[in-house]
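Trainee: Could you take me through one part of this model up close? I'd love to start from a single residue and see what surrounds it.

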Amino acid sequence: MDDAPRSTWQALARGPYLRSAWPWRAAGYLAGSAFTGIPVLLALVLLATAGATLSLVAIGLPLLALLGLAGLPAAAVERRRLRLVDDDPAPTPHRTPAEPGLLAWAGLRYREQATWRELGYAVLHGFLLWWVDLVAVATLLGLPLLLVTTPLQLALSGDGEVKVVKLWLVTSYPPAFAVAAAGAVLLPALLYPLGALAGARAALTRALLAPRERELRGLLTEVTRSRARLVDAFEAERRRIERDLHDGAQQRLVALTMTLGLARLDAPPGPLADQLATAHDEAGKVLGELRELIHGIHPRVLTDYGLTGALADAAERSAVPVDTHLAAGLPRLPESVEAAAYFGVCEALANIGKHSGAARAAVSARHTGGALLIDVRDDGRGGADPAAGSGLTGLADRIAVLDGTLTITSPPGGPTVLSLEIPCPVSSPESSP
């Protein structure tokens, strides 16, 4: 359910806290603190002692340097353990190094504020927090459970008496059951402060170990740059494949076609001449298909004449007559932007020819304010549905990689307008012809 509590705090404020799993999740979170706190304490003491002892020799310096990174594994575990009392994930605040290697990774970590917050949390957790958590669980949960089990303790005692929590001596079952009843009443009452303490403990953990707003902006910037690098690498690979096909396979097919044509002319009439003619025709068809494939990978007109010439060429090859309104002096843009815009227009024109029933279409393109704006309009029947397998979903994904948007307005009866907006700077002052 959408209104279900997602943390211990919300469970305390909203729903039936005692009838849910949140009290026991809170108890498990606080009790499990010892399983992480004790190893952290031992590791900190060991590194600090060994580093201080060996600081006069070279081996002590790496140990002291390693102490600065001791909070990283502890913080990673604590962020995962936080899910016990808070369903919202706590992502890592650390960035990915721009270069591979241990030195680049360590250098970045030492410069990040998050590393030192995690070290501070590790020191606080190892020397104080897990003790407080255990005492809280023992007091708020262990005490009422001890009271509830008083009759069982009396039955198992060999001398017929039991000292409840080392304070009250019980020698018969009526007082034992009375103490158990008091424990049964006390248990649900103490589960509320237990949950409140677990919520406060989780809030402290999130404040120290989760990324802050500035770090989130840095992570978003890094993701954006990484995506841009992937797009550039993808376009470079497309260009390499196009170049290899154009300069390698296509030239060989041209030579083969010419050789078969010459052999066809020299062969005397008969079955051999017929077979050479068939082979010559097939080689010509393969060459034509290869040229179409090369054009689909990265059209030469886009490289030679820019987006203006490529869009004009796409309009001329369209099955539906197309009016073009291309802004004068459209600048040269990054290759990934020009390719996405070109193939987007080609996909839109192909859909118009196949599905719209339009008699005419129009393409307009302009670059204003650091963004490329393209509109493709047709006078067809409308009702374009991206889920109908028209290729619009893949086109939207391709535009989204460049932080662009694709908008389709297609009411029944038309007209249909497909708008592309791709933010991009001008890469060169030169304009397309």
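**A close look at one helix and its partners**

Mentor: Happy to! Let's start at Val132, which has its place in helix α7. Keep in mind that we are looking at a predicted model.

How buried or exposed is Val132? Its relative accessible area is 40%. Buried means under 20% and exposed means over 50%, so Val132 at 40% counts as partly exposed.

Val132 also belongs to a group. Together with Val45, Val123, Leu124, Phe127, Leu128, Trp131 and Leu204, Val132 forms a nonpolar patch on the surface. The accessible area of these residues taken together is about 660 Å². Which element gives the most to this patch? Helix α7, running over residues 113–148, does so with six residues.

Trp131 is one of the patch members, and it leads us to the aromatic rings. The structure holds four aromatic pairs. One of them joins Trp130 and Trp131, with ring centres 4.3 Å apart and 35 degrees between the planes, and this pair is tilted. The two partners sit differently with respect to the surface: Trp130 is buried, at a relative accessible area of 7%, whereas Trp131 is partly exposed, at 47%. For another kind of arrangement, look at Tyr342 and Phe343: their ring centres are 5.3 Å apart and their planes meet at 70 degrees, so this pair is edge-to-face. Here both partners turn out to be buried, with Tyr342 at 1% relative accessibility and Phe343 at 17%.

Now back to helix α7, but this time let's follow its charged side chains. Asp133 and Arg201 meet through their side chains in a salt bridge, with a distance of 2.9 Å from N to O. Why does this pair tie together parts that are far along the chain from each other? Asp133 lies in helix α7 and Arg201 in helix α9, so the salt bridge links parts that are 68 residues apart in sequence. Both of these residues are buried.

Arg201 deserves a pause of its own. Helix α9, which holds Arg201, spans residues 173–209. With a relative accessibility of 5%, under the 20% limit, Arg201 counts as buried. What else does the side chain of Arg201 reach? It makes a polar contact with the side chain of Ser33, at 3.4 Å. The side chain of Arg201 also makes a polar contact with that of Tyr121, at 2.8 Å. Leaving aside residues up to four places away in sequence, the residues Arg201 touches are Tyr29, Leu30, Ser33, Glu78, Arg81, Tyr121, His125, Leu129 and Asp133. So when you zoom in on Arg201, you can find Ser33, Tyr121 and Asp133 in that list of neighbours.

Helix α7 has another charged partner to show you. The side chain of Glu118 meets that of Arg79 in a salt bridge, at 2.9 Å from N to O. Glu118 lies in helix α7 and Arg79 in helix α5, so this pair ties together parts 39 residues apart in sequence. Glu118 is buried, with 1% relative accessible area, and Arg79 is buried too, with 10%.

How many salt bridges are there altogether? The count comes to nine. For a contrast, try the one between the side chains of Arg6 and Asp88, at 2.8 Å from N to O. Arg6 lies in the segment before α1 (8–13) and Asp88 in the loop between α5 (71–81) and α6 (102–111), so parts 82 residues apart in sequence are tied together. Here the partners are partly exposed: Arg6 has a relative accessible area of 37% and Asp88 one of 33%.

Finally, let's step back to the whole protein. It has 14 helices and seven strands. Of its 433 residues, 39% count as buried. Among the contacts with a separation of 6 or more, 70% are between residues 24 or more positions apart. The accessible surface comes to about 23,600 Å², and 65% of it belongs to carbon and sulfur atoms.

How values were computed. Residues numbered from 1 in each chain as written. Predicted model: local features only at pLDDT ≥ 70, side-chain atom pairs only at ≥ 80, totals over all residues. Heavy atoms only, no water. Patch = residues over 30% accessible without salt bridge, like charges linked within 9 Å, V, L, I, M, F, W, Y side chains within 5 Å. Areas by Shrake-Rupley, 256 points an atom, 1.4 Å probe, with all protein chains shown as cover. Salt bridge = Lys/Arg side-chain N within 4 Å of Asp/Glu carboxyl O. Helix = DSSP H or I, 4+ residues; strand = E, 2+ residues; numbered from the N terminus. Buried < 20%, exposed > 50% of the residue type's maximum accessible area, 1.4 Å probe, protein only. Contact = heavy atoms within 4.5 Å. Polar contact = N/O pair within 3.5 Å; in protein donor to acceptor, adjacent residues only side chain to side chain. Phe/Tyr/Trp six-rings, centres within 6.5 Å; stacked < 30°, edge-to-face > 60°.
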